[in-house]
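The exercises below are to be worked through with the sequence and the three-dimensional model side by side. Each one sets a task and then gives a solution that proceeds step by step.

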Amino acid sequence: MNILIITAHPKEASLNGEILKRIQANLPKSHSIKLLNLYQENFDPVLRYEQRRDMKDDPSTENYRQLITWADQLIFIFPIWWGGMPAILKGFIDRVFAADFAYSYKGITPVAHLKGKKAWIITTHDTPAIFAKLFVQDYGRILKKQVLGMCGIKPTKLTSIPYVRGTSDSKIKKQLDKISQLAQKI
């Protein structure tokens with residue numbers, strides 16, 4: 001299986017960085033794995049529309065579209081900041097998951113172009129779980145349903161580590177151990 005890990009956190013020594021290390025250490029060695037760290041790539045998230053070509057043909061994002069096409073399994077690792085995903089990841093989605101590459105429309109009906117792929121979304125945030133569930137939009141769920149689902153990427157698993165700043169180290173370790181176990185089963 002071809003696995004593409006997409007990370008969006010600027011600090012390697014972070015909980016997101018530790019999640020990445022755990023996943024890389026625990027994915028079965030029989031898989032072909034590539035890492036796309038959007039910050040290390042210096043990915044430009046700014047969407048610039050040029051009328052002379054469609055976004056799906058933008059040469060500056062061709063390599064990323066090739067990686068998405070190559071992958072059977074996508075793994076997204078990112079924090080939720082100010083109720084949303086990091087701008088660099090949002091810009092990646094806007095620029096790479098372009099119309100006529102990831103999806104198109106037949107009349108008013110969306111047509112998925114990335115069927116047969118799976119995804120795992122792992123998010124971290126500082127909102128207590130109950131508040132996140134009741135009052136805050138979960139951008140992991142939005143990515144799952146409104147982006148990946150529309151593009152045909154299913155099934156999508158969502159793992160969230162809430163209230164990071166108020167959670168004990170032992171509970172964080174348990175969450176990391178669970179993520180390690182899930183990675184072994186891919």
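A residue is called buried under 20% relative accessible area, exposed over 50%, and partly exposed in between, with a 1.4 Å probe and protein chains only. The model is predicted, so local features need pLDDT of at least 70 and side-chain atom pairs count only at pLDDT 80 or more, whereas totals for chains, interfaces and linings use all residues. Residues are numbered from 1 along each chain as its sequence is written, and side-chain values use heavy atoms, with hydrogens and water left out.

**Exercise 1. Classify Lys 178 by its accessibility and place Lys 178 relative to Arg 22.**

Step 1: Lys 178 is found in helix H6 (residues 169-184), where helices (H or I, at least four residues) and strands (E, at least two) are DSSP runs numbered from the N terminus.
Step 2: Lys 178 counts as partly exposed because its relative accessibility is 49%.
Step 3: Although 156 residues separate Lys 178 from Arg 22 in sequence, their C-alpha atoms are 9.9 Å apart in space.

**Exercise 2. Describe the surroundings of Asn 16, and decide whether Asn 16 is buried or exposed.**

Step 1: Asn 16 belongs to helix H1 (residues 15-26), and it counts as buried because its relative accessibility is 6%.
Step 2: Contact means heavy atoms within 4.5 Å; when residues up to four places away in sequence are not counted, Asn 16 touches His 9, Ile 77, Phe 78, Pro 79 and Thr 124.
Step 3: With Thr 124, Asn 16 also makes a side-chain to side-chain polar contact of 2.8 Å. Such a contact is a pair of N or O atoms within 3.5 Å; within protein, one must be able to donate a hydrogen and the other to accept it, and residues adjacent in sequence count only if both atoms are side-chain atoms.

**Exercise 3. Which residues touch the most other members of the largest nonpolar core, and which elements supply this core?**

Step 1: A nonpolar core is a set of buried Ala, Val, Leu, Ile, Met, Phe, Trp, Tyr and Cys residues joined through side-chain atoms within 4.5 Å.
Step 2: The largest such core has 32 residues, of which Ile 68, Phe 76, Leu 89, Phe 92 and Phe 97 touch the most other members.
Step 3: At least two residues of this core come from each of strand S1 (2-7), helix H2 (62-70), S3, H3, S6 and H5, and H3 gives the most, with five residues.
Step 4: Leaving aside neighbours within four places in sequence, Phe 76 is in contact with Ile 6, Leu 89, Phe 97, Trp 120, Ile 121, Ile 122, Leu 143 and Leu 148.

**Exercise 4. Examine the salt bridges of Asp 58 and Asp 177, and find the network to which Asp 177 belongs.**

Step 1: A salt bridge is a side-chain nitrogen of Lys or Arg within 4 Å of a carboxyl oxygen of Asp or Glu, and a search of the whole structure finds eight.
Step 2: Asp 58 forms one with Arg 95, their closest N and O atoms being 3.3 Å apart. This pair links distant parts of the chain, 37 residues apart, with Asp 58 in the loop between strand S2 (32-37) and H2 and Arg 95 in helix H3; both residues are buried.
Step 3: Asp 177 and Lys 173 meet in a salt bridge of 2.9 Å, N to O, and because they are four residues apart in helix H6, about one helical turn separates them.
Step 4: Asp 177 is partly exposed, with a relative accessible area of 26%, as is Lys 173, with 46%.
Step 5: Glu 18, Arg 22, Lys 173 and Asp 177 are linked in a network of salt bridges.
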